[in-house]
Amino acid sequence: MLLRKVFLCFLLLGIQSKNIKVDLKASWKETSLLAEASEFFADEDSSLFWRFLEQTTQTLDSTTPPTQKSLYQRSLLAAEQLLSPHGHNGLKFALSLRHYSPRVRLHYQFAQRYTEQLTTYPPLFKMPHDWAALAAAVLEEPGG
């Protein structure tokens with residue numbers, strides 16, 4: 001009888017889940033999930049990156065600004081078509097962790113500084129079709 005009670009106690013203790021909750025606060029604003037997904041694809045394969053951009057930009061509606069949720073869903077839809085099931089799960093995991101957020105923020109800062117240099121030293125930085133402004137617009141932070 002005592003052995004049965006001990007066994008039940010060990011069984012109940014083993015069933016209890018031990019969750020770990022981590023909260024991390026970054027010193028930068030939220031980055032675009034589409035930009036983070038783009039970084040994921042760039043890490044996977046450069047040809048996948050360009051195919052991903054083609055698929056996601058074809059379905060963008062220029063009349064209404066996309067939400068983070070719609071960008072997330074669009075990214076996952078493209079991932080289903082371009083990646084294996086493991087790659088698709090890897091993208092979802094990377095986006096849930098915001099793994100590529102620091103890199104996207106770094107690209108944003110580079111584009112911002114480059115745009116500032118263009119206005120400060122215009123004769124030194126001549127680019128056709130204002131590529132720096134285009135890069136800054138693409139990397140623009142959501143909500144501001």
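**Reading a seven-helix model, one feature at a time**

Author: Let's start at Arg98, found in the loop between H5 and H6. One thing to keep in mind from the outset is that this is a predicted model.

Reader: Okay, what is the phi of Arg98 near?

Author: It is near 60°, a positive value in a residue other than glycine.

Reader: And is Arg98 buried, partly exposed or exposed?

Author: Burial is read from relative accessible area, with buried meaning under 20% and exposed over 50%. Arg98 has a relative accessible area of 25%, so it counts as partly exposed.

Reader: Let me step back to the whole chain. How many helices and strands does it have?

Author: Seven helices and zero strands. Read from the N terminus on, the order of elements is α-α-α-α-α-α-α.

Reader: What share of the residues counts as buried?

Author: For this chain of 144 residues, the buried share is 26%. The accessible surface comes to about 10900 Å², and carbon and sulfur atoms hold 61% of that.

Reader: How much of the contact count comes from residues 24 or more positions apart?

Author: Taking contacts with a separation of 6 or more, 63% are between residues 24 or more positions apart.

Reader: Now the core. Where do I begin?

Author: The general idea goes like this: in soluble globular proteins, nonpolar side chains tend to be buried together. In this model, the largest nonpolar core has 18 residues, and the ones with the most contacts inside it are Phe40, Phe41, Phe52, Leu83 and Leu91.

Reader: Which elements give two or more residues to this core?

Author: Four helices: H2 (33–44), H3 (46–58), H4 (68–82) and H5 (85–97).

Reader: Pick one core residue for me. What is Leu83 in contact with?

Author: Setting aside neighbours within four places in sequence, Leu83 is in contact with Phe40, Phe41, Leu48 and His88.

Reader: There's a histidine in that list. Is His88 buried or exposed?

Author: His88 has 12% relative accessibility, so it counts as buried. You'll find His88 in helix H5. With neighbours within four places left out again, the contacts of His88 are Leu76, Ala79, Glu80 and Leu83.

Reader: How do I describe two helices lying against each other?

Author: Two packed helices are described by the angle between their axes and the distance between the axes. Try H4 and H5: their axes come within 9 Å and cross at roughly 155°. The cut-off for roughly antiparallel is over 145 degrees, and H4 and H5 are therefore roughly antiparallel to each other. Tyr72, Ser75, Leu76, Ala79 and Glu80 make the contact from H4, with His88, Leu91, Lys92 and Leu95 on the H5 side. The crossing of H4 and H5 is right-handed.

Reader: What about H2 and H3: at what angle do they pack?

Author: At about 150°, with the axes 6 Å apart. That makes H2 roughly antiparallel to H3. H2 contributes Leu34, Ala37, Ser38, Phe41, Ala42 and Glu44 to the contact, while H3 contributes Ser46, Leu48, Phe49, Phe52, Leu53 and Thr56. The crossing of H2 and H3 is right-handed.

Reader: And how are H3 and H4 oriented to each other?

Author: Their packing angle is about 130° and their axes are 10 Å apart. H3 and H4 are therefore oblique to each other. Residues in that contact include Leu48, Phe52 and Thr56 of H3 and Ser75 and Ala78 of H4. The H3 and H4 crossing is right-handed.

Reader: Last topic: residues far apart in sequence. Where does Ala94 lie, and which residues does Ala94 touch?

Author: Ala94 lies in helix H5 and, at 8% relative accessibility, counts as buried. Not counting residues up to four places away in sequence, Ala94 touches Phe40, His99 and Tyr100. Take the pair Ala94 and Glu36 as well: 58 residues apart in sequence, 8.5 Å apart in space, C-alpha to C-alpha.

Reader: I'd like one more pair. How many residues apart in sequence are Arg105 and Glu30?

Author: They are 75 residues apart in sequence, with their C-alpha atoms 8.8 Å apart in space. Arg105 belongs to helix H6, residues 101–120. Its relative accessibility is 17%, so Arg105 counts as buried, whereas Arg98, where we began, is partly exposed.

Conventions: Residues are numbered from 1 along each chain as its sequence is written. This is a predicted model: local features need pLDDT of at least 70, side-chain atom pairs count only at pLDDT 80 or more; totals for chains, interfaces and linings use all residues. Side-chain values use heavy atoms; hydrogens and water are left out. A nonpolar core is a set of buried Ala, Val, Leu, Ile, Met, Phe, Trp, Tyr and Cys residues joined through side-chain atoms within 4.5 Å. Buried means under 20% relative accessible area, exposed over 50%, partly exposed in between (1.4 Å probe, protein chains only). Contact means heavy atoms within 4.5 Å. Accessible areas come from the Shrake-Rupley method with a 1.4 Å probe; for residues, only the protein chains shown count as cover. Axes are lines fitted to C-alpha atoms, for helices over the stretch in contact, and angles run from 0 to 180 degrees between N-to-C directions. Angles under 35 degrees count as roughly parallel, over 145 as roughly antiparallel, 65 to 115 as roughly perpendicular and the rest as oblique. A crossing is left-handed if the near helix is turned anticlockwise from the far one by less than a right angle, and right-handed if clockwise.
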